[in-house]
Amino acid sequence: MIKTAFYFVFTLMLIFITAQAKLYIGAMDTAVFSLDEGGYLAIVIDDFGYGGEGTESMLKLDIPFTAAVMPFSSRTEEDLELIKDSGKEYIVHLPMESLTGKREWVGDKGIFTDMTEEEIKKVTEEAIDLVSGAVGVNNHMGSAVTTDEKSLSAVFDVLEDNDMFFIDSLTAADTVSEAVGRDKGVAVLKRDVFLDSTDDLEEIKSNILKAGELALKNKTAIAIGHVGPEGGEVTARALREMAPELKEMGVKLVTVSDLKKIRGL
């Protein structure tokens with residue numbers, strides 16, 4: 001009788017403690033993603049996959065960011081292993097046809113508007129397989145594809161099947177990504193600021209500050225930087241030096257997956 005009563009009381013206590021723990025964790029989650037104060041900035045670093053300048057320095061940064069990996073490049077596999085070892089989130093940096101650039105600038109393989117829907121799906125699936133574990137996709141170049149509903153729809157069919165989001169780098173003002181995303185059930189996020197494409201440290205810092213100010217104004221923002229000749233070591237240095245200032249401003253650095261949750265997408 002006493003033993004039965006003991007087990008009954010113990011079970012009630014265990015249920016109570018578990019419920020309180022769940023409430024506490026829930027409260028923590030709510031606090032992490034609270035939009036009452038400050039803002040959230042997600043930084044995407046493009047062009048991993050070539051072993052470009054600044055690759056290791058970027059991955060050593062003690063801040064969250066999302067690495068975008070070229071899938072058909074010379075060092076895709078090696079860079080992907082470095083990213084995985086660093087614990088950083090990563091996505092596919094999918095090469096796409098540009099309205100202005102040369103076809104060969106896209107790379108050895110990519111998405112082109114003269115491809116059939118099945119060809120586009122096959123290339124997209126291959127890219128996702130090569131960057132195993134990626135949580136989303138963004139466009140490398142791509143102004144021709146992001147303005148072409150047929151081509152982008154084929155890409156988004158694959159993203160929907162793999163439960164992946166799309167970050168539009170906004171290489172074209174008249175992009176149809178949001179409309180296609182709504183139709184296909186794919187979450188679409190858009191770039192707000194480009195950080196680099198310059199070797200001027202102060203200019204990159206100014207762009208980081210601009211991204212932080214947008215995050216405070218709009219509660220969330222996305223900025224894109226690069227490894228390699230478009231950024232590399234100088235961008236890594238700028239991010240390292242600006243991180244304390246962003247924190248002091250009330251800007252919290254997050255991954256794109258976190259930003260997607262914050263926006264309720």
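In this predicted model, Val145 sits in the loop that links strand E4 (136-141) to H5. Despite this loop position, Val145 is buried, its relative accessible area being 0%. With residues up to four places away in sequence set aside, Val145 touches Met96, Glu97, Ile111, Thr113, Ser151 and Leu152. One of these partners, Met96, belongs to strand E3 (89-96), and another, Ser151, lies in helix H5 (residues 149-161). A further pairing worth a look is that of Val145 with Ala172: 27 residues separate them in sequence, while their C-alpha atoms are 9.4 Å apart in space.

Helix H5 leads on to its packing against H4. The axes of H4 (residues 117-130) and H5 (residues 149-161) come within 9 Å of each other and cross at roughly 45 degrees. Because of this angle, H4 counts as oblique to H5. The crossing is right-handed. On the H4 side, the contact is built from Glu117, Ile120, Lys121, Thr124, Glu125 and Ile128; on the H5 side, Lys150, Ser151, Ala154, Val155, Asp157, Val158 and Leu159 take part. By character, the residues of this contact comprise 6 nonpolar, 2 polar and 5 charged. Ser151 thus has a place in two parts of this picture, as a member of the H4-H5 contact and as a partner of Val145.

Helix H3 (residues 76-86) offers a neat example of a helix with two faces. Its buried residues are Thr76, Asp79, Leu80 and Ile83. These residues lie on the same side of H3, because the arc they cover around the axis is only 105 degrees. The spacing fits a general rule: an α-helix has 3.6 residues a turn, so residues three or four places apart point the same way. Glu77 and Asp85, in contrast, are exposed on the other side of H3. The cover over the buried residues of H3 includes strand E1 (39-48), helix H2 (55-59), strand E2 (66-69), strand E3 (89-96) and H4. Helix H4 therefore appears both in the cover of H3 and, by way of the oblique crossing, beside H5. After H3 comes Gly87, with a positive phi near 85 degrees.

For the protein as a whole, the model contains 9 helices and 9 strands. Of its 265 residues, 50% count as buried, Val145 being one of them. Contacts between residues at least 6 apart in sequence can also be sorted by separation: 74% of them join residues at least 24 apart.

How values were computed: Residues numbered from 1 in each chain as written. Predicted model: local features only at pLDDT ≥ 70, side-chain atom pairs only at ≥ 80, totals over all residues. Heavy atoms only, no water. Axes fitted to C-alpha atoms, helices over the stretch in contact; angles between N-to-C directions. Helix = DSSP H or I, 4+ residues; strand = E, 2+ residues; numbered from the N terminus. Parallel < 35°, antiparallel > 145°, perpendicular 65-115°, else oblique. Left-handed = near helix turned anticlockwise from the far one by under 90°. Contact = heavy atoms within 4.5 Å. Nonpolar A, V, L, I, M, F, W, Y, C, P; charged D, E, K, R; others polar. Buried < 20%, exposed > 50% of the residue type's maximum accessible area, 1.4 Å probe, protein only. Arc of directions from axis to C-beta.
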